[in-house]
Amino acid sequence: MNKPRILTGDRPTGPLHLGHYVGTLVNRVRLQDSHELFLVVADYHTLTTQPTREKVARTHENARAIVLDYLSVGIDPERATIYVQSDVPEVAELTLLFSMLVTVPRLERVPTLKEVMREQNITHPSLGLLSYPVLQAADILLVHADLVPVGGDQESHVEVTREIARRFNQMYGAVFKEPQALIGDVPILVGIDGKLKMSKSLGNAIYLSDDAETVSAKVMQMYTDPARIRADVPGAVEGNPVFTFHDTFNDDKTEVQDLKARYRAGKVGDVEVKQKLARALNRFLDPMRARRAEYEDRTSLVDDILEAGANHVRPIARETLRMVRAAMGLC
Ligand code: TRP
């Protein structure tokens, strides 16, 4: 019996952070025994908002950093297929064919489009940005994935993928499965500034590759209960990002309960709560740091992984396109 397939991935715009970890990375690691894992480093997707030469010049380095992030969280390079999207250009052909099966108003309703336009001050989306979810559908359906572990913000893209698969099958016969999204326990992690979402572009992230001092410094600046001006003033735990992080990352649950009780009673200062959080986060990140250090020393490792990944996916991609063309009656 073949194992069910996972396909998911990331845009190489910068290193991965704690939000990625709880939103999707933890699921990828957890499911890599029971599933065949495909991870795409989505460089074409990066072009949808950053097509300048300067940005493109950085993708290679960013892609390498992301692969090291994957390895550091425990993704097994012997089993996972990790590849760069543009190394398998069949995905572009599939995107073109899929683009006939989805309307412009449907894509205009995808919530991430408005969000990206707002965040990046884009008044008119390019055709490429509008069809971002179609390219993602092509990534997913190219390998016939069953499951797509993603953060909460990506759910709408998996929905578009399911609609495209359904539509294709209705029109041309059953070629694709409808993949399921798998959203992490913390679909969207708050930023260290208290803003709704941890994100590289908002500058409010703790990276998996941050060293212990950087993590401590970031935690000490974290946004906390703004109404609490002194340690003897009772503070709010709910909605306080420092406690959200304690709940999510501190493995010492007794310590967390004790800090919460004392915080509510006005019996602990923010400094102690933050110092304990910094220590907990560093405990959480230390095993990743150790694995990263080991992999970093192996110089050609990342290039070898990406080459093997592309070599593994290409025949799968070609076969999918052969089936697609045959189903459609294209010669
Ligand atoms: N759009 C995803 C993100 O920004 C990255 C991505 C590209 C992806 N292709 C994918 C995720 C396919 C899941 C499946 O996080």
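Here are three short exercises on the structure above, each with a worked solution.

The model is predicted, so local features need pLDDT of at least 70, side-chain atom pairs count only at pLDDT 80 or more, and totals for chains, interfaces and linings use all residues. Residues are numbered from 1 along each chain as its sequence is written, and side-chain values use heavy atoms, with hydrogens and water left out.

**Exercise 1.** Find how the radius of gyration of the chain relates to that of a compact globule.

*Solution.* Start with the rule: 2.2 Å times the number of residues to the power 0.38, with the radius taken over C-alpha atoms. For 331 residues this gives a value near 20 Å, and the chain, at 22 Å, agrees with it. Next, look at the box filled by the C-alpha atoms: roughly 75 × 45 × 45 Å along the principal axes.

**Exercise 2.** Work out what share of the residues in the chain is buried.

*Solution.* Take the cut-offs: buried is under 20% relative accessible area, exposed is over 50%, and partly exposed lies in between (1.4 Å probe, protein chains only). By this rule, 50% of the 331 residues are buried.

**Exercise 3.** Asn121 and His144 each have a positive phi; decide for each whether the residue is buried or exposed.

*Solution.* First, the background: most residues other than glycine have a negative phi. Asn121 has a phi of about 50° and sits in the loop between helix H6 (111–119) and helix H7 (127–130). With a relative accessible area of 70%, Asn121 is exposed. His144 has a phi near 55° and lies in the loop between helix H8 (132–142) and strand E4 (147–150). Its relative accessibility is 15%, so His144 counts as buried. Helices (H or I, at least four residues) and strands (E, at least two) are DSSP runs, numbered from the N terminus.
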